[in-house]
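Student: Before we start, could you walk me through how the labels get assigned here? I'd like to see each value set against its cut-off.

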Amino acid sequence: MNKPLSFLLRPTTLKNIIGQSHLINNKYGLITKMVENKFLANLIFYGPPGVGKTSMAISIANDLGAKYEFFNASNDKKDKLQKLIESSNHEEQLILIIDEIHRMNRNIQDYLLEYIESKKVIVFLTTTENPYFVINPAIRSRCTILKLQEISLDEMKEGLNRVLKNNDINLNIEDNAFENLCELSNGDLRVALNSVELLIQLYSKEKINNEIIRAIFDQAVTKGTGEGDEYHDLKSAFQKSIRGSDVDAALHYWARLMQIGDYEVLMRRMTIMAYEDIGLANPAIPVRVFQACQTFRQIGMPEGRIILGLAVIEMALSEKSNSSYMALEKALEDVQNGLAPSIPPYLRDNHYKSAHKLGHGIGYKYAHDYENDWVDQQYLPDDIKDITYFQFKPHSSYEKKLMEIYIKFTKKNKLK
C-alpha cells in the first residue's frame, strides 16, 4: 500500500521545517544552536497535531548525523522498547524518538528512566498533551520542553509552496483556492498535505478552484478534541470571556466548543459559570441555563444551538458576582483546616427527652417570635464569633437589594 503524501514529504532537515521560527533561527534559536554545536539533549516536543513535532525530531537527528529509532507509545510493546535500548552502544549514541509519549504507561516510563539517567539513550519525546500532566516528573526533569506553535496562515502558504516546489509537484490551483485550502487546514500541515494528495490524484486534469476545495473540505479542520490542551484551553477561554462580559469572545469560544461536539461537557461548564461567576448578581440565570440545557437535550442539533447560544449571550451580558462562591470557599477552607469549635449549647438539638438536662436548647430565641422574624442572637461559637465569610457586592442591583434588606432586618448601620 502506498504511503500518504504527508509521510513521503515529511521534512528530513531543519531547513525544510515549516514554522517554529522561535526555535529555528540564527540568533538565539535553541534548536539551531544545538545543531551548530553538535549537542545532543533529551527533548520533549509538545504542541497541537500536525505542526511537525516528529518531523522536527527526525530533522535534528539527521542534521546531527545521529542514529535514531522509532517507538510509538500507542501501538508498540515494551519488548520492542527493550530491544531498541539493548541495541544502543556508547560508540554511536542512539536517539530514541518516542511518539505520543502521553499514551505510554507509567510503569514503562519508569523502566525508561534508568536508561535516560545513564545516557544509554537520548530521547526525543512527542506529545499533544501537557507534559506536566502526562509525563513522569523524573523523566520530565531530565528533558528540555520545546513548545511548538501553531502554523500561521502565512507560514502554511509559504511552506506548502516550498514543499511542492522542492518535490517538483505542479498543482494547477487558483490563488484564492490555494489560500482557502491553507485556511481550512487550520494550522495542521498533515491535513494540508493530505488534501494536496487528493487534489493530485483526483483533480490533476482540472484547474482547481474553490468549488473543488469545498468538495474535499466540508468545513475547516476543528482544533481540539474531547481531550488535550486545546480542549481545556477553549473551556478556560470560554469561561473567562463570560466572566469578563465579552459577549463576542464568549460566542467565539462557544462556537469552537460546539464544533467539537462534546455538548455535555460544554453544558456542565455553562452551569458551573452560572453559579460561580454570575451568582447572586442575577439568581435567575442558573435556572435559565439549566432549563436551556434540558431543552437542548430534548431538541438536539441543529436547532438546539439557538437555545444554548441564547443562554451564552445572556450569561455574558448579565451582571457578575462571585460573592457567594468566595464565601462558601472560605468557609470550606476553614473547616478543612480544622476550624470546628464547639457548637453553643442553646443551638444544639433538643428534640429528645432529657435534652434540657444537658443544657441543650436552653436560652435559644425562636426568630419567628420576634418582629421581622429576626432577633439579635449569636449563632457562631465564641471562638469565631466575629468571623465574616459573606461580603456583599453592591454593584449588582439584586445583591444591593439583599444588602439593604439585611441591614434593615439586622438593624446594622454598616457591614464588616
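Student: What is Tyr 379 in contact with, leaving aside its neighbours within four places in sequence?

Tutor: Pro 344 and Leu 347, where contact means heavy atoms within 4.5 Å. This is a predicted model, in which local features need pLDDT of at least 70, side-chain atom pairs count only at pLDDT 80 or more, and totals for chains, interfaces and linings use all residues. Numbering runs from 1 along each chain as its sequence is written, and side-chain values use heavy atoms, leaving out hydrogens and water.

Student: Where does Tyr 379 lie, and what makes it count as partly exposed?

Tutor: Tyr 379 sits in the loop between α17 (323–336) and α18 (397–410). Helices are DSSP runs of H or I with at least four residues, strands are E runs of at least two, and both are numbered from the N terminus. Buried means under 20% relative accessible area, exposed over 50%, and partly exposed in between (1.4 Å probe, protein chains only). Tyr 379 has 41% relative accessibility, so it counts as partly exposed. Its C-alpha atom is separated by 28 Å from that of Ser 396, 17 residues apart along the chain.

Student: Now for backbone angles. What is special about phi of Gln 20?

Tutor: Phi of Gln 20 is near 60°, a positive value in a residue other than glycine. Most residues other than glycine have a negative phi, and most peptide bonds are trans. Gln 20 is in the loop between α1 (5–8) and α2. Lys 38 also has a positive phi, of about 50°, although it is not a glycine; its place is in the loop between α2 and β1.

Student: Are those two buried or exposed?

Tutor: Gln 20 has a relative accessible area of 3%, so it is buried. Lys 38 has 64%, so it is exposed.

Student: Which peptide bond is cis?

Tutor: The one from Met 301 to Pro 302, with omega near 10°. Pro 302 is found in the loop between α15 (284–299) and α16 (304–317).

Student: How do you know that the span of α3 agrees with what a helix should have?

Tutor: The expected span is 1.5 Å times one less than the number of residues. For the twelve residues of α3 (residues 53–64) that gives 16 Å, and the end C-alpha atoms are 17 Å apart, so the two agree.

Student: And why is α3 called largely enclosed by the rest of the structure?

Tutor: Because ten of its twelve residues are buried. Among them are Met 56, Ile 58, Ile 60 and Leu 64. The buried residues of α3 pack against α2 (30–36), β1 (43–46), β2 (67–72), β3 (94–99) and β4 (121–127). Just after α3, Gly 65 takes a positive phi of about 65°.

Student: Zooming out, how does the radius of gyration of the chain sit against that of a compact globule?

Tutor: The rule, with the radius taken over C-alpha atoms, is 2.2 Å times the number of residues to the power 0.38. A compact globule of 416 residues would come out near 22 Å, but the chain has 31 Å. The C-alpha atoms fill a box of roughly 90 × 55 × 40 Å along the principal axes.

Student: What else is there for the chain as a whole?

Tutor: The chain has 18 helices and five strands. Buried residues make up 40% of its 416 residues. Of the contacts with a separation of 6 or more, 73% come from residues 24 or more positions apart.
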